[in-house]
Amino acid sequence: MTDLDSRFSGGRNITMKIPPHRYDATIKFYREVLHLPEVTSPSGAAVGFEFGACNLWIDNCPGLSPTEIWLEVVTSDTEAAARVLADAGIPRRDEIEDLGSGFDGFWVSSPADLIHLVDSQAQSWA
């Protein structure tokens with residue numbers, strides 16, 4: 001894939017980063033009020049819900065004040081995607097959360113300061 005052929009698509013995963021004082025009520029809202037089907041992360045550690053065609057992951061984030069929404073963008077070639085995004089002036093934000101060794105992806109910040117995980121389609125949690 002060349003940089004000019006780089007293709008992106010929205011991933012299936014949306015993450016809501018919640019401050020601890022809002023976490024339990026947020027889980028209760030999706031579980032007991034909306035009755036959305038619960039999904040389990042590959043590690044079993046994250047709480048998530050089916051949200052239409054997407055997965056909505058709820059993360060308890062100490063030290064966070066406002067709630068944040070993080071989005072996933074998938075691509076077939078993360079190296080080419082990194083070049084396309086760098087050429088467009090989109091900043092890498094790999095310092096915000098460790099993805100672990102061997103993970104084929106990275107973090108960026110959109111012009112609106114929304115965090116996006118850019119990862120390979122094979123790496124994305126289905």
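## Briefing: Val39, helix α1, paired strands and two cysteines

Val39 makes contact with Ala46, Gly48, Phe49, Glu50, Asn55 and Trp57, leaving aside residues up to four places away in sequence. Keep in mind that this is a predicted model. Below is a quick tour that begins with Val39, moves on to helix α1 and the strands, and ends with the cysteines.

**Val39**
- Val39 sits in strand β2, which covers residues 38-40.
- With a relative accessible area of 16%, Val39 is buried, because anything under 20% gets that label.
- Val39 and Ser120 are 81 residues apart along the chain, and their C-alpha atoms are separated by 21 Å.

**Helix α1**
- Helix α1 takes in residues 20-33, 14 residues in total. From first C-alpha to last it reaches 20 Å, close to the 20 Å expected at 1.5 Å a residue.
- Tyr23, Thr26, Ile27 and Tyr30 are the buried residues to look at in α1. Looking down the axis, the buried residues of α1 fall within an arc of 100 degrees, so they line one face of the helix.
- What do those buried residues pack against? Their partners are β1 (8-18), β3 (47-51) and β4 (54-60).
- Over on the other side of α1, you'll find His21, Asp24, Ala25 and Val33 exposed.
- His35 follows α1 and has a positive phi, near 55 degrees.

**Strand pairing around β5**
- Strand β5 (residues 68-75) runs antiparallel to β1, and 7 bridges join the two. One residue pair to look up here is Thr15 with its bridge partner in β5, Trp70.
- Strand β7 (residues 115-120) is joined to β5 by 6 bridges, and this pair runs parallel. Trp70 turns up again here, with Ile115 as its bridge partner in β7.
- So Trp70 is a handy residue to click on: it is the bridge partner of Thr15, and Ile115 is its bridge partner in β7.

**Cysteines**
- How many disulfides does the structure hold? The count is 0.
- Why is Cys54 not bonded to another cysteine? Its closest cysteine sulfur, in Cys61, is 19 Å from its own, which is too far for a bond. A pair would need its sulfur atoms within 2.5 Å to count as a disulfide.
- Seen from Cys61, the closest cysteine sulfur is the one in Cys54, again 19 Å from its own and too far for a bond.
- Cys54 is partly exposed, at a relative accessible area of 21%, while Cys61 counts as buried at 18% relative accessibility. The two get separate labels because buried means under 20%.

Note on methods: Residues numbered from 1 in each chain as written. Predicted model: local features only at pLDDT ≥ 70, side-chain atom pairs only at ≥ 80, totals over all residues. Heavy atoms only, no water. Helix = DSSP H or I, 4+ residues; strand = E, 2+ residues; numbered from the N terminus. Expected span 1.5 Å × (residues − 1). Buried < 20%, exposed > 50% of the residue type's maximum accessible area, 1.4 Å probe, protein only. Arc of directions from axis to C-beta. Contact = heavy atoms within 4.5 Å. Pairing = 2+ DSSP bridges.
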